[in-house]
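Here are a few short exercises to work through with the structure open. Try each task before you read its solution.

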Amino acid sequence: DIVYKFVVPHFKTAFGEGLRVVGGLDALGGWSADAAPQMTWQEGHRWVLELNMPLANFEFKVVLVSGDEVRWEQGVNRVVQAEGAAAGLNTPVEV
């Protein structure tokens, strides 16, 4: 396994809203926003999530969750290639 660090550098949300990372791996909810892990807000409206996951190719999107409403990131899925992540096995891979 390897630690992946997902970062949204600056995204303002309203009180009670949050961001999640949704993707094809089970650790990312298997494309279910309800099952996807939540990102953590940091000062400066920076959102971060660190996950220990298998070294594998995968696709994901960041979604905005507000109560029962989910707003999906526009455009194509983001893609992580495992070969690129393997170089730094001892440090988090920022995506």
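A residue counts as buried when its relative accessible area is under 20%. Keep in mind that the model is a predicted one.

**Exercise 1. Is Phe58 buried or exposed, and what is its relative accessible area?**

Start with the value: Phe58 has a relative accessible area of 4%. The cut-off for buried is under 20%. Phe58 therefore goes down as buried. Now do Phe60 in the same manner: its relative accessible area is 5%, so Phe60 is buried as well.

**Exercise 2. Work out why strand β5 is largely enclosed by the rest of the structure.**

First find the strand, which runs over residues 58–66. Next, go through its nine residues and count the buried ones: you should get seven. With seven of nine buried, β5 is largely enclosed by the rest of the structure.

**Exercise 3. Which strands pair with β5, in what sense, and over how many bridges?**

Take the partners one at a time.

- Strand β2, residues 17–23, pairs with β5 in the antiparallel sense, over seven bridges. To pin down the register, look at Glu17: its bridge partner in β5 is Ser66.
- Strand β6, residues 69–72, is antiparallel to β5 too, with four bridges. Here Val65 sits opposite Val70 of β6.
- Strand β7, residues 78–80, makes three bridges with β5, again antiparallel. Glu59 has Val79 of β7 as its bridge partner.

**Exercise 4. In the hairpin of β5 and β6, which residue takes a positive phi?**

Look at what lies between the two strands: there are two residues. Then check the backbone of Gly67, where phi is positive, near 65°.

**Exercise 5. Find the aromatic pair of Phe6 and Phe60 and describe its geometry.**

A search over the whole structure turns up five aromatic pairs. One of them is Phe6 with Phe60, whose rings are 5.1 Å apart centre to centre. Their planes make an angle of 80°, and the pair is edge-to-face. Now see where the partners sit: Phe6 belongs to strand β1 (residues 2–8) and Phe60 to β5, so the pair links distant parts of the chain, 54 residues apart. Both Phe6 and Phe60 are buried.

Next, compare Phe58 with Phe60. The ring centres are 6.1 Å apart and the planes stand at 45°, so this pair is tilted.

**Exercise 6. Which residues form one aromatic cluster with Phe58 and Phe60?**

Add Tyr4 and Phe6 to the two: together, Tyr4, Phe6, Phe58 and Phe60 make up one aromatic cluster.

Key: Residues numbered from 1 in each chain as written. Predicted model: local features only at pLDDT ≥ 70, side-chain atom pairs only at ≥ 80, totals over all residues. Heavy atoms only, no water. Buried < 20%, exposed > 50% of the residue type's maximum accessible area, 1.4 Å probe, protein only. Pairing = 2+ DSSP bridges. Phe/Tyr/Trp six-rings, centres within 6.5 Å; stacked < 30°, edge-to-face > 60°.
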